[in-house]
Amino acid sequence: MKTKSIVINNEHDYNAFLKKLKFYKTFWYHRTCFTIENNKQIPYIEYVVEALNIKNRKERIQYIYDQSCKIIDDRIGDKNICGFKNGKCYTQKNTNLCNGCCRKCLYQTCHGCSTKNLTCKLFNCSEVRKRFHVLTFDDLKLFQLLSLKNKLIVKSDLFSSREDVLKDLYAYTLTYSGIRIIYRLIRNAILLQDNKKHALF
């Protein structure tokens, strides 16, 4: 396999590399092995290079998904960015609501989320964004290796399991993935409503 070495010495080199990602991810570079030199000051670029070197479509998507989740989790660490206290976040303190945004999700538990949803990890309300510098979609350059369809899915596939989101990303058409997402949202809303009714009895 031919090796392509890319040297990044400054911001100009880095920006040039990012602009070429749409070409590097195509089949023209399927037999190219990428390496990066002088990248110590560029955050997360090693993940981009590793993803470029994964030539299998599904394996690359899964890698991008899992590493993006890891980057966000590592950034947050043990910080209670939602301000949870007694089950209520910043915006719920004077309301009857609890569990923050996760109150609308089937995967919430008393120990946190039981799955790994990238869309949920990227979502932060205005109160959180006001208090913390959180990572956004544009901050994660790994997403530039995704297709337009998959970028839309990563931005919209809330309250789904990791396995379901990956299936949506693996699909080749937005129509199929869209139908799956809408079906799950409706199903989850019905199940959550049923759970509330049962909790009253």
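Let's start with helix α3, residues 45-52: six of its eight residues are buried, so the rest of the structure largely encloses this helix. Keep in mind as you look around that this is a predicted model. The buried residues of α3 are Ile-45, Tyr-47, Val-48, Val-49, Ala-51 and Leu-52. "Buried" here means a relative accessible area under 20%. If you turn the view to see what lies over these residues, the cover includes α1 (11-19), α2 (21-24), β2 (32-37) and α4 (57-76).

From here it is a short step to Phe-17. Leaving aside neighbours within four places in sequence, Phe-17 is in contact with Ile-45, Val-48, Val-49 and Leu-52, and these four are among the buried residues of α3. The other contacts of Phe-17 on that basis are Ile-6, Ile-8, Tyr-24 and Ile-36.

Now for the wider setting. In soluble globular proteins, nonpolar side chains tend to be buried together. The largest nonpolar core in this model has 40 residues, and Phe-17 and Phe-143 are the ones with the most contacts inside it. Several elements build this core: α1, α2, β2, α3, α4, α5 (118-122), α7 (148-156) and α8 (162-170) each supply at least two residues. The biggest contribution is that of α4, which gives seven residues.

Phe-17 also has a place among the aromatic rings. Seven aromatic pairs turn up in a search of the whole structure. In one of them, Phe-17 pairs with Tyr-24 in a tilted arrangement, with 5.9 Å centre to centre and 40 degrees between the planes. The pair counts as tilted because its angle falls between the 30 degrees below which planes are stacked and the 60 degrees above which they are edge-to-face. Phe-17 and Tyr-24 are both buried, and together with Tyr-29 and Phe-34 they form one aromatic cluster.

Finally, let's turn from packed side chains to open space. The largest pocket holds about 1200 Å³ of space. It is lined by 42 residues, and those closest to its centre are Cys-82, Phe-84, Cys-102, Cys-113 and Cys-120. By type, the lining divides into 20 nonpolar, 15 polar and seven charged residues. Among the helices and strands, α4, β3 (108-109), β4 (112-113) and α5 each supply at least two residues of this lining, with the largest share, three residues, coming from α4. Helix α4 is thus a useful landmark: α4 also gives the most to the largest nonpolar core, and α4 is included in what covers the buried residues of α3.

Conventions. Residues are numbered from 1 along each chain as its sequence is written. This is a predicted model: local features need pLDDT of at least 70, side-chain atom pairs count only at pLDDT 80 or more; totals for chains, interfaces and linings use all residues. Side-chain values use heavy atoms; hydrogens and water are left out. Buried means under 20% relative accessible area, exposed over 50%, partly exposed in between (1.4 Å probe, protein chains only). Contact means heavy atoms within 4.5 Å. A nonpolar core is a set of buried Ala, Val, Leu, Ile, Met, Phe, Trp, Tyr and Cys residues joined through side-chain atoms within 4.5 Å. On a 1 Å grid over the protein atoms alone, a cavity is a set of points where a 1.4 Å probe fits but cannot get out, and a pocket is an open set with protein on both sides within 12 Å along at least five of seven lines; lining residues have an atom within 4 Å of a point. Grid points are joined across faces, edges and corners, and a volume is the space filled by probe spheres set on the points. Ala, Val, Leu, Ile, Met, Phe, Trp, Tyr, Cys and Pro count as nonpolar, Asp, Glu, Lys and Arg as charged, and the others, Gly among them, as polar. Rings of Phe, Tyr and Trp (its six-membered ring) pair if their centres lie within 6.5 Å; planes under 30 degrees apart count as stacked, over 60 as edge-to-face and the rest as tilted.
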